[in-house]
Amino acid sequence: MKITILGSGSSGGVPLIGCQCAVCQSNDPKNKRTRVSLLIEINGINLLVDTSPDLRQQALRHDIRRIDAVLYTHDHADHTNGIDDLRSFNYLSGNVLPIYGTQKTLAGIAQRFPYVFGPKPENAWYRPALSAHPLPDAQLHEFTIKNIPITMFRQGHGGHGESTGYRIGNFAYSTDTDKLSETAFSELSGLDVWIVDCLRYTHSPSHSNLDNTLKWIERAKPRKAILTHMAHDFDYKTLLAELPAGILPGFDGMIIEL
């Protein structure tokens with residue numbers, strides 16, 4: 001399994017428009033963060049997690065030419081607004097592209113982007129052609145995509161909001177969360193790599209902060225933990241020096257091989 005962090009930034013990206021802070025003005029490429037997205041390559045299958053508004057840029061950067069399915073964590077704009085760029089993958093494959101997410105997530109996508117569902121149009125550049133595969137409203141659910149076993153688990157995401165975490169083998173992905181249940185932690189044991197939400201140093205009403213994420217990592221004890229969905233509060237080199245062994249800040253283009 002090969003995992004590529006396509007985007008590691010918060011909803012506004014880094015640099016933020018108009019911001020003059022040291023991180024936003026930094027020349028360090030690891031402080032240039034597009035909106036979060038992930039590519040998982042396993043057994044010749046390419047799984048995309050979320051369609052960031054920066055999907056086109058990310059796909060060009062990594063020469064992505066095929067997507068076999070998309071997993072959605074939730075329907076917020078920074079995770080869905082690149083959905084139109086999926087039409088490129090329809091064009092390249094000649095096929096309708098399956099997307100997976102909770103019923104609530106897919107309903108939100110259908111409400112905002114109703115034109116993306118249905119058969120592939122004769123002009124493949126006209127619109128995406130997607131097929132919805134809703135996952136049950138459950139705390140935990142196992143399913144397969146092209147014979148790849150995947151486990152989804154629910155995560156809290158501010159107030160009454162939710163997002164979906166995914167585990168494949170000994171890898172798990174937990175972006176956009178500030179609360180993890182006992183059920184979620186049951187799926188987070190025995191991991192080789194956990195990519196996990198960490199917005200900033202201070203409290204957030206809908207994301208985990210550094211202190212909280214470090215407590216989660218200490219509990220789950222993955223062999224390696226990688227932070228994602230990071231705002232401009234974090235300078236890459238400064239944060240790297242602050243983190244315990246086995247924990248790394250993510251960055252756009254980071255590749256993990258298992």
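## A walk from strand β9 outwards

Start by selecting Tyr 166 and Tyr 173: the two stand opposite each other, with Tyr 173 sitting in β10. Keep in mind as you click around that this is a predicted model.

**Stop 1: the β9–β10 hairpin.** Now show residues 171–174, which make up β10, next to β9; the two strands run antiparallel and are joined by 3 bridges. Together they form a hairpin with 2 residues between the strands. Pick Gly 169 in that turn and check its backbone: phi is positive, at about 60°.

**Stop 2: the other side of the pairing.** Next, select residues 148–156 for strand β8, which pairs with β9 in the antiparallel sense over 6 bridges. To see one of these pairings up close, highlight Phe 153 and its bridge partner in β9, Gly 165. β8 and β9 make a hairpin too, this time with 5 residues between them. The turn holds Gly 158, with a positive phi of about 75°.

**Stop 3: inside β9.** Switch to a surface view and colour β9. How many of its 7 residues are buried? The count is 6, so the strand is mostly covered. Zoom in on Thr 164, which belongs to this strand, residues 162–168. Is Thr 164 buried or exposed? It is buried, because its relative accessible area is 2% and the cut-off for buried is under 20%. To see what surrounds Thr 164, show its contacts beyond the neighbours within four places in sequence: Tyr 72, Thr 73, Thr 102, Met 152, Phe 153 and Gln 155. You have already met Phe 153 as the bridge partner of Gly 165.

**Stop 4: Gly 9.** Jump to the loop between β1 (2–7) and β2 (37–42), where you'll find Gly 9. Its relative accessibility is 0%, so Gly 9 counts as buried. Leaving out residues up to four places away in sequence, Gly 9 touches Arg 33, Thr 34, Arg 35, Val 36, His 229 and Met 230. For a quick distance check, draw a line from the C-alpha of Gly 9 to that of Leu 60: 18 Å in space, with 51 residues of sequence separation.

**Stop 5: out to the surface.** Finish with Trp 125, in the loop between α4 (103–112) and β6 (130–135). Trp 125 counts as partly exposed because its relative accessibility is 40%. Add Tyr 91 and Leu 92 to the selection, and with Trp 125 you have a nonpolar surface patch of about 340 Å².

Methods
Residues numbered from 1 in each chain as written. Predicted model: local features only at pLDDT ≥ 70, side-chain atom pairs only at ≥ 80, totals over all residues. Heavy atoms only, no water. Patch = residues over 30% accessible without salt bridge, like charges linked within 9 Å, V, L, I, M, F, W, Y side chains within 5 Å. Areas by Shrake-Rupley, 256 points an atom, 1.4 Å probe, with all protein chains shown as cover. Salt bridge = Lys/Arg side-chain N within 4 Å of Asp/Glu carboxyl O. Helix = DSSP H or I, 4+ residues; strand = E, 2+ residues; numbered from the N terminus. Buried < 20%, exposed > 50% of the residue type's maximum accessible area, 1.4 Å probe, protein only. Contact = heavy atoms within 4.5 Å. Pairing = 2+ DSSP bridges.
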